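The exercises below are intended for a reader who meets this structure for the first time. Each one sets a task and then works through a solution step by step.

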Amino acid sequence: MLEALHASPRSSRPELVRVTGLSRATVSTLVADLIQVGLVTEEPGDESEPRRTGRPAQTLSLVPTAGYAIGADIGHQHVRVILCDLFGAVLWEHWVAKDVDRAPAETLDLVAVLVGRALQETGVDRDRVLGIGAGIASPVEKDSGELGAEGIMPGWVGLHLTGELRRRTGLPVQVTNDANAGALAELMYGAARQVDDMVYVRLSAGIGAGIVSNGQLLLGARGLAGELGHLPLIADGLICRCGNRGCLETVASPVAIARLLSQSWGRQIAARDLPALIKQRNTGALRAVRDAGDAVGRALSTLVTLLNPRLIVVGGDLASAGEDLLEPLRAGVSRHTLPSAARGIEIVTGGLGDGAEVRGAAGLVLSAAPQLLA
Ligand SMILES: [Zn+2]
């Protein structure tokens with residue numbers, strides 16, 4: 001019943017009978033119980049809908065404040081924490097600039113402080129929080145929650161994020177990498193709603209992909225699927241931070257674009273300078289972004305040929321370049337993909353901007369809300 005109401009708010013009793021396969025009497029009894037314990041609320045149905053006979057149909061929904069989730073997004077340069085209600089509406093949000101990579105203990109303490117502030121400032125009781133979902137810019141081992149951060153977040157290698165956050169907050173914790181969190185957010189709230197086969201590409205300091213196949217996040221044997229940034233692209237390219245050579249990340253991340261411009265112009269350009277250069281229509285910066293789009297498109301063509309997604313959602317810092325990035329990216333995909341797999345594929349920027357990762361992290365908890373509430 002909770003699952004049915006979570007999937008379809010404003011359901012009527014007959015709809016619940018149909019969806020759950022339970023008898024009318026059982027549904028009525030369960031609804032009465034759920035209303036009594038404050039998990040479900042009843043309201044008049046849409047009066048404008050024509051009815052044949054009888055009383056106005058009442059609709060039933062989960063009470064949005066019956067449970068809450070906390071999302072934490074731990075990037076290389078920032079920490080962001082949100083508190084959401086049961087439907088993912090953000091009630092509290094805070095962002096802190098932080099040099100995360102070499103300071104795991106300080107960063108985790110900061111997350112715990114922000115969680116405490118979220119509860120205090122919203123007046124939400126800790127017992128009503130279903131859990132913390134954390135997304136981090138590192139590969140995460142599926143079963144152990146251990147971070148595979150070699151070369152990526154040097155201070156975090158081998159750390160068990162789940163246990164560390166649980167110890168600091170007293171709340172249940174689920175962890176995933178930031179690209180998977182972004183994919184989940186676009187699936188639940190953004191550009192990929194009702195899409196069962198999609199790829200979310202995150203183009204930030206790190207490049208990664210969250211892959212949704214048949215409605216499920218594709219994690220792989222150890223949870224490390226989707227490391228798009230480390231597909232080999234240039235045979236004699238630069239040595240990547242992962243230790244391999246010529247990975248996509250060495251040519252197409254905002255950091256790589258800034259490095260290329262710095263070398264070409266003989267002055268220091270940082271990744272954070274790129275949005276302004278694009279806005280000014282700087283021809284060199286635009287060319288570098290377009291070449292990066294082409295490289296990402298070529299790498300994505302491998303995924304498209306193998307996985308046949310219907311939609312690719314582009315997120316992360318570089319997504320703010322919009323069509324300057326997307327146009328060559330689409331061309332790169334269609335030029336290198338099996339034509340029948342490329343046909344009809346849609347490639348768009350995300351609907352949630354830089355809030356995708358943190359909302360998806362909270363979504364990790366909220367997608368299990370019916371089981372957690374029961
Ligand atoms: Zn690499």
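**Exercise 1. Determine how strand 7 is covered and which strands pair with it.**

The model is a predicted one. Begin with strand 7, residues 129-136: 8 of its 8 residues are buried, and the strand is mostly covered.

Next, identify the partners. Strand 4 (residues 68-74) pairs with strand 7 in the parallel sense, over 7 bridges. Within that pairing, Ile 74 stands opposite Ile 136 of strand 7. Strand 8 (residues 173-177) also runs parallel to strand 7, and 5 bridges join the two. Here Ile 136 has Asn 177 of strand 8 as its bridge partner. From strand 7 the chain passes through helix 5 (residues 161-169) to reach strand 8, a β-α-β crossover that is right-handed. A further bridge partnership links Gly 135 with Thr 176 in strand 8.

**Exercise 2. Place strand 7 in its sheet and state which strands stand at the edges.**

First, write down the order of the sheet: its 5 strands follow one another as 6-5-4-7-8, the sheet is open, and the pairing is mixed. Second, find the edges. Strand 6 (90-97) and strand 8 each have a single partner strand, so one side of each has no neighbour in the sheet. Third, note the twist, which averages 15° from one strand to the next.

Finally, look for a helix packed against these strands. Helix 13 (residues 356-366) lies across strand 4, strand 5 (78-85), strand 7 and strand 8, and runs at about 140° to strand 4.

**Exercise 3. Divide the protein into domains and describe the contact between domain 1 and domain 2.**

The division gives domain 1 (2-62), domain 2 (66-183 + 356-373) and domain 3 (193-350). The centres of domain 1 and domain 2, taken over C-alpha atoms, are separated by 34 Å. At their contact, 6 residues of domain 1 meet 5 residues of domain 2. On the domain 1 side, helix 1 (residues 2-7) gives the most, with 3 residues. Sorted by class, that side has 3 nonpolar, 2 polar and 1 charged residues.

The pairing of strands 1, 2 and 3 can be treated in the same exercise. Strand 1 (residues 11-12) pairs with strand 3 (residues 58-62) in the antiparallel sense over 2 bridges, and Ser 12 has Thr 59 of strand 3 as its bridge partner. Strand 2 (residues 40-44) likewise runs antiparallel to strand 3, joined by 5 bridges; in this pair Glu 42 stands opposite Leu 60.

**Exercise 4. Describe the sheet with the order 11-10-9-12-13 and the helices that pack on it.**

The sheet is open, has 5 strands, and shows mixed pairing. Its edges are strand 11 (216-217) and strand 13 (346-349); each has a single partner strand, so one side of each is left without a neighbour in the sheet. Strand 12 (residues 311-315) and strand 13 are parallel and share 4 bridges, with Val 348 in strand 13 as the bridge partner of Val 313.

Two helices may now be added. Helix 11 (residues 323-336) touches strand 12 and strand 13, and its direction makes about 155° with that of strand 13. Helix 6 (residues 178-189) lies across strand 9 (198-203), strand 10 (207-213), strand 11 and strand 12, at about 45° to strand 10.

**Exercise 5. Decide whether Glu 186 is buried or exposed, and name residues in contact with Glu 186.**

Locate the residue first: Glu 186 belongs to helix 6. Then apply the cut-off, by which a residue is buried if 20 or more other C-beta atoms lie within 10 Å of its own. Glu 186 has 28 such atoms and is therefore buried. Beyond its neighbours within four places in sequence, its contacts include Tyr 200, Val 313, Gly 350 and Ala 356.

**Exercise 6. Explain what is notable about phi in Gln 194 and Asn 214, and classify their exposure.**

Start from the general expectation: most residues other than glycine have a negative phi. Gln 194, although not a glycine, has a positive phi of about 65°. Asn 214 also has a positive value, near 55°.

Consider next where they lie. Gln 194 is in the loop between helix 6 and strand 9, and Asn 214 is in the loop between strand 10 and strand 11.

For exposure, the limit is 12 or fewer C-beta neighbours within 10 Å. Gln 194 has 6 and therefore counts as exposed; Asn 214, with 7, is exposed as well.

Terms used: Residues are numbered from 1 along each chain as its sequence is written. This is a predicted model: local features need pLDDT of at least 70, side-chain atom pairs count only at pLDDT 80 or more; totals for chains, interfaces and linings use all residues. Two strands pair if DSSP finds at least two bridges between them. A crossover is right-handed if, with the strands pointing away from the viewer, the path from the first strand over the helix to the second runs clockwise. Domain bounds come from an automatic or database domain assignment. Two residues are in contact if their C-beta atoms, placed from the backbone, lie within 7 Å. Ala, Val, Leu, Ile, Met, Phe, Trp, Tyr, Cys and Pro count as nonpolar, Asp, Glu, Lys and Arg as charged, and the others, Gly among them, as polar. Axes are lines fitted to C-alpha atoms, for helices over the stretch in contact, and angles run from 0 to 180 degrees between N-to-C directions.
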